[in-house]
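Please have the sequence and the 3D view open side by side. We will walk through the fold together, beginning with one residue and widening out from there.

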Amino acid sequence: MEEAARVKAATKMEEPLVTRIFAISYAKLDDLSKIITDYLSKERGKVQVDARTNSIVVKDTADTIERIKKIVEILDAQTPKQKNPDS
């Protein structure tokens, strides 16, 4: 059992890293980067914020990048406007 876990961990460490830049339209960069950090690979994943281009740069395995892509798509959405009750 321990051997299988070691093999899995070693395989994960050898998996190539991918860099992806996510252009952010609505979410706050700092808030989104904190959320993304929880989903990164523990030893290898990194996230950087580029305020100049309003983007988040993520470096991690392809599987993790796909998971983060879905999170960004959901969270980087325009907040629905509240209807004015007087209208």
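Ala-23 sits in strand S1, which covers residues 17-23. Keep in mind as you look that this is a predicted model. Is Ala-23 buried or exposed? With a relative accessible area of 59%, Ala-23 is exposed, since the cut-off for that label is over 50%. Even so, Ala-23 has partners from elsewhere in the sequence: once neighbours within four places are set aside, Ala-23 is in contact with Asn-54, Ser-55 and Asp-76. Take the pair Ala-23 and Asn-54: they are 31 residues apart in sequence, yet their C-alpha atoms are 6.3 Å apart in space.

Follow that contact across to Asn-54, and you arrive in the loop between strand S2 (46-50) and strand S3 (55-61). The backbone here deserves a look, for Asn-54 has a positive phi of about 55° although it is not a glycine. Asn-54 is partly exposed, and its relative accessible area is 29%.

Now step back to the whole chain. How many helices and strands does the chain have? There are 3 helices and 3 strands, and read from the N terminus they come in the order α-β-α-β-β-α. The radius of gyration is 17 Å, whereas the globule rule gives 12 Å for 87 residues, so the chain is more spread out than a compact globule. The extents of the C-alpha trace along its principal axes are about 65 × 30 × 15 Å.

At the start of the chain is helix H1, residues 2-14, and Glu-2 belongs to it. Glu-2 is exposed, at a relative accessible area of 60%. For a sense of scale, try picking the C-alpha atoms of Glu-2 and Lys-12: these residues are 10 apart along the chain, and the atoms are separated by 15 Å.

Helix H2, residues 29-37, gives us a chance to think about sidedness. Its buried residues are Leu-29, Leu-32, Ser-33 and Ile-36. Viewed down the axis of H2, the buried residues fall within an arc of 100°, so they line one face of the helix. The spacing has a simple background: an α-helix has 3.6 residues a turn, so residues three or four places apart point the same way. On the face of H2 turned away from the buried side you will find the exposed residues Asp-30 and Lys-34. And what do the buried residues of H2 pack against? Their packing partners are S2, S3 and H3.

That brings us to helix H3, residues 62-75, where Thr-64 is found. Thr-64 is buried, with a relative accessible area of 2%. Apart from neighbours within four places in sequence, Thr-64 is in contact with Tyr-39, Leu-40 and Ser-41.

A few totals complete the tour. Of the 87 residues in the chain, 24% are buried. Among contacts with a separation of 6 or more, 67% involve residues 24 or more positions apart; the pair Ala-23 and Asn-54, at 31 residues apart in sequence, is one you have already met. The chain exposes about 6800 Å², and carbon and sulfur atoms supply 52% of that area. Finally, for anyone thinking about electrostatics, there are 16 positive and 15 negative charges, and their mean positions are 3 Å apart.

Definitions and conventions:
Residues numbered from 1 in each chain as written. Predicted model: local features only at pLDDT ≥ 70, side-chain atom pairs only at ≥ 80, totals over all residues. Heavy atoms only, no water. Helix = DSSP H or I, 4+ residues; strand = E, 2+ residues; numbered from the N terminus. Rg over C-alpha atoms; globule rule 2.2 N^0.38 Å. Buried < 20%, exposed > 50% of the residue type's maximum accessible area, 1.4 Å probe, protein only. Contact = heavy atoms within 4.5 Å. Areas by Shrake-Rupley, 256 points an atom, 1.4 Å probe, with all protein chains shown as cover. Lys, Arg positive; Asp, Glu negative; His and termini not counted. Charge placed at Lys NZ, Arg CZ, Asp CG, Glu CD. Arc of directions from axis to C-beta.
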